[in-house]
Amino acid sequence: MMDQKNKTNGKINLANYVSAIIDQLRKEKKHSAVHTYTCTFNSFTEFAGEKSTEMPIKQVFTPSVLKEYQDWLRQKGLSWNTVSTYMRVLRAMYNRFFPSGIVGHNPKLFNDVYTKVESQTKRSLTEEQMQTLMSSDFSQLPEKQKSALAYFLLMFLFRGMPFIDLANLHKTDIKGNTIVYCRHKTGKQIVVGIPREAFDLLKHFADKNPASPYLFPILNGRLKDEWQLYRCYLEALRNINKKLEKVSKLLLPGVKISSYTARHTWATLAFYQGMSLGIISKALGHSSIRVTETYLKPFENEKVDEANDLLIASLTYLKQDCARGYTGL
């Protein structure tokens, strides 16, 4: 990374600094971070112009520039979640360059821009909607949508498995009636029992190519370079989400679904069934229960409202029974 002497002399511009960060992330094989940092820098370059990113980094990180960038993103129609992602990446860059406690660090620099995550949007399906998908007739679907729906159902059946983990499953990960794998994001080992509802899907949609190490034909088994594999995954993710849009139009008109919906639906329905947060957290492979609490926070109010409706209804029925002279004998 950049040395402290160059930092204090103000010789580092944003382009060189981001390039150094991305090189380091590549060495650490943090491919998702490489992608996010690259997208953020490309977006900021479009906003500020290439010459602006060649300015000394101290001139780039100012409250006014950040606020203008946020306004520019919103004018382009980007969601607050996307704005937050870009701002949090810029904040991470800033904190690498000016760690807290050193001369020049401004702890309030990002106070006037959005760095939270909007989590109030409902991204899960109801029990009835999930039943519709699980009972759907595959023969009535176009060929390209069949595999997309199969992968969606398998992610749900495998306890909300993320698409990146499904894509990276190896044939050797199947141990009898279980799947043993490590989460791509955290490295945690996960052991998932294979429900009987999943066996037919596994049989029909597993990779039939004996040369491929992967359980499903999602990633190119010939690729060895990790960055190329990650690019292959991103392309597969875009494809499945496009296909799921078409599946939802056919089976759940007016409802949006994506690969992420399967994971969120499993967690939400488990929560509604009364499963403890500890078990849900373990099933999802979260790093802590606190992550799970944040994950399910948008649905707590719904659950409380439902309980309140039941309470009010019970009191209403009791009042009606009393009015009729009901004694209970």
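This is a short tutorial dialogue on reading sheets, rings and empty spaces in a predicted model.

Q: Let's start with the sheet. What order do its three strands have?
A: First the general idea: strands in a sheet pair through backbone hydrogen bonds, and the pairing is either parallel or antiparallel. Here you're looking at an open sheet with the order β1-β2-β3 and antiparallel pairing. At the edges stand β1 (174–175) and β3 (189–193), each with a single partner strand, so one side of each has no neighbour in the sheet.

Q: Over how many bridges do β2 and β3 pair?
A: Five bridges, in the antiparallel sense, with β2 covering residues 178–182. You can check the register by eye: I179 stands opposite V192 in β3, and C182 stands opposite Q189 in β3.

Q: What do β2 and β3 form, and what's in the turn?
A: They form a hairpin, with six residues between the two strands. Look for G187 in that turn, where phi is positive, at about 80°.

Q: Which residues of β3 are on the covered face, and which on the uncovered one?
A: The general idea is that side chains in a regular strand alternate between the two faces of the sheet. In β3, I190 and V192 make up the covered face, while Q189, V191 and G193 make up the uncovered one.

Q: Now a loop residue. Is S287 buried or exposed?
A: S287 is exposed: its relative accessible area is 57%, and the cut-off for that word is over 50%. You'll find S287 in the loop between α13 (277–284) and α14 (289–323). It's also a nice lesson in folding: S287 and T186 are 101 residues apart along the chain, yet their C-alpha atoms are separated by 7.3 Å.

Q: On to the rings. How many aromatic pairs does the structure hold?
A: There are 17 of them. Take Y151 and F216: their ring centres are 5.6 Å apart and the planes meet at 70°, so we call the pair edge-to-face. Y151 belongs to helix α8 (residues 143–157) and F216 to the loop between α10 (196–205) and α11 (226–251), so this pair ties together parts that are 65 residues apart in sequence. Both Y151 and F216 are buried.

Q: Which residues form one aromatic cluster?
A: Find Y17, F61, Y94, F97, F98 and F110, which form one cluster together.

Q: Where does the charged end of R26 sit?
A: Over the ring of W227, at 4.7 Å from the ring's centre.

Q: Last topic: empty space. What is the volume of the largest cavity?
A: The general trick is to roll a probe the size of a water molecule over the atoms, which shows where empty space is left. In this model the largest cavity has a volume of about 30 Å³. Its lining includes F158, M161, Y181, R183 and R263. Sorted by class, that lining has six nonpolar, two polar and three charged residues.

Q: And which residues are the closest to the centre of the second largest pocket?
A: This pocket has a volume of about 270 Å³. Of the 15 residues lining it, N168, H184, Y214, E226 and L229 are the closest to its centre. The largest share of the lining, four residues, comes from α11. By class, the lining residues of this second largest pocket divide into eight nonpolar, five polar and two charged.

How values were computed: Residues numbered from 1 in each chain as written. Heavy atoms only, no water. Phe/Tyr/Trp six-rings, centres within 6.5 Å; stacked < 30°, edge-to-face > 60°. Buried < 20%, exposed > 50% of the residue type's maximum accessible area, 1.4 Å probe, protein only. Lys NZ or Arg CZ within 6 Å of the ring centre and 35° of its normal. 1 Å grid on protein atoms, 1.4 Å probe; cavity = no way out; pocket = protein on both sides within 12 Å on 5 of 7 lines; lining within 4 Å. Points joined across faces, edges and corners; volume = space filled by probe spheres on them. Nonpolar A, V, L, I, M, F, W, Y, C, P; charged D, E, K, R; others polar. Pairing = 2+ DSSP bridges.
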